Amino acid sequence: MESNMIILYNSKTGFTRKYAQLLAEELGCPALPLGDAPADLSGYAAVAFGSRLHAGTLDGWKKARKLLNSRGAKKLVVFATGAMPNGAGEQIRKVWEQNLTPGELDAVPHFYLQAGLCLEKLGAGDRAMLKVAGWAMGRKKDRTPEDQAFQDAISRSYDISDPKYIRPVADCLRELG
Ligand SMILES: Cc1cc2nc3c(=O)[nH]c(=O)nc-3n(C[C@H](O)[C@H](O)[C@H](O)COP(=O)(O)O)c2cc1C
């Protein structure tokens, strides 16, 4: 069944695109890169925006927020993908606090979906950022097991995504649409 929603996304290595496409299949609606967003979004009952976390920032959200507002998007839902597990509750809570305004924290449903890391598909800038982060962590004194886990996690590719993680986002969109 067609539904009156749209999923917009930014994706560098494909995890967010995959989740956006799964949501679109599940809901019977389009999924498009943010750059291809329709000029008028006012006709959609709900608009979802998904992107990766990038050093604690929801990549492209400031630009997306402006674009979605200026094109008349009404009900918004936001989802982030990242390398940390869904169980990293406190870290995830902080990410949302740092990226959404207090008003958005209340009004915009937001979800974190664990995804993974794909070093092979990253650009040079991203690779360099990870190298620097790993190097800095290696030099840190009194390293905790969490520090070690972080260093290990950014030194290799892995996929901890699963189609089932879209379920809460799909349910929320279904309710709004
Ligand atoms: C430079 C860099 C910084 C990252 N920072 C974070 C982060 O702060 N938190 C997190 O969970 N994942 C982080 N990641 C992992 C990405 O968010 C993750 O791989 C994401 O799912 C990629 O989405 P995409 O495939 O749609 O581009 C980072 C990745 C890179 C390359």
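Biologist: Which residues come nearest to the ligand, of the 23 around it?

Modeller: This is a predicted model, and a residue is taken as near when one of its heavy atoms lies within 4 Å of the ligand. Of the 23 residues that surround the ligand, those that come nearest are Ser-11, Thr-13, Thr-16, Leu-53 and Gly-116.

Biologist: How far is an oxygen atom of the ligand from an N or O atom in the side chain of Ser-11?

Modeller: Polar contacts are pairs of N or O atoms within 3.5 Å, and the ligand has such pairs with backbone atoms too, at 2.8 Å for Phe-15 and at 3.1 Å for Met-84. For the side chain of Ser-11, the distance from a ligand oxygen to an N or O atom is 2.6 Å.

Biologist: How much of the ligand's accessible area does the protein cover?

Modeller: On its own, the ligand has 640 Å² of accessible area, and the space that the ligand takes is the largest pocket. The share of that area covered by the protein is 91%.

Biologist: Where does the ligand lie with respect to domain 1 and domain 2?

Modeller: Elements that each give two or more residues to the shell around the ligand include α1 (15-27), β3 (46-54) and α5 (124-139). Because residues of the shell come from both domain 1 (5-118 + 159-176) and domain 2 (119-156), the ligand lies between the two domains.

Note on methods
Residues are numbered from 1 along each chain as its sequence is written. This is a predicted model: local features need pLDDT of at least 70, side-chain atom pairs count only at pLDDT 80 or more; totals for chains, interfaces and linings use all residues. Side-chain values use heavy atoms; hydrogens and water are left out. A polar contact is a pair of N or O atoms within 3.5 Å; within protein, one must be able to donate a hydrogen and the other to accept it, and residues adjacent in sequence count only if both atoms are side-chain atoms. Accessible areas come from the Shrake-Rupley method with a 1.4 Å probe; for residues, only the protein chains shown count as cover. On a 1 Å grid over the protein atoms alone, a cavity is a set of points where a 1.4 Å probe fits but cannot get out, and a pocket is an open set with protein on both sides within 12 Å along at least five of seven lines; lining residues have an atom within 4 Å of a point. A molecule sits in a cavity or pocket if more than half of its atoms lie within 2 Å of its grid points. Helices (H or I, at least four residues) and strands (E, at least two) are DSSP runs, numbered from the N terminus. Domain bounds come from an automatic or database domain assignment.
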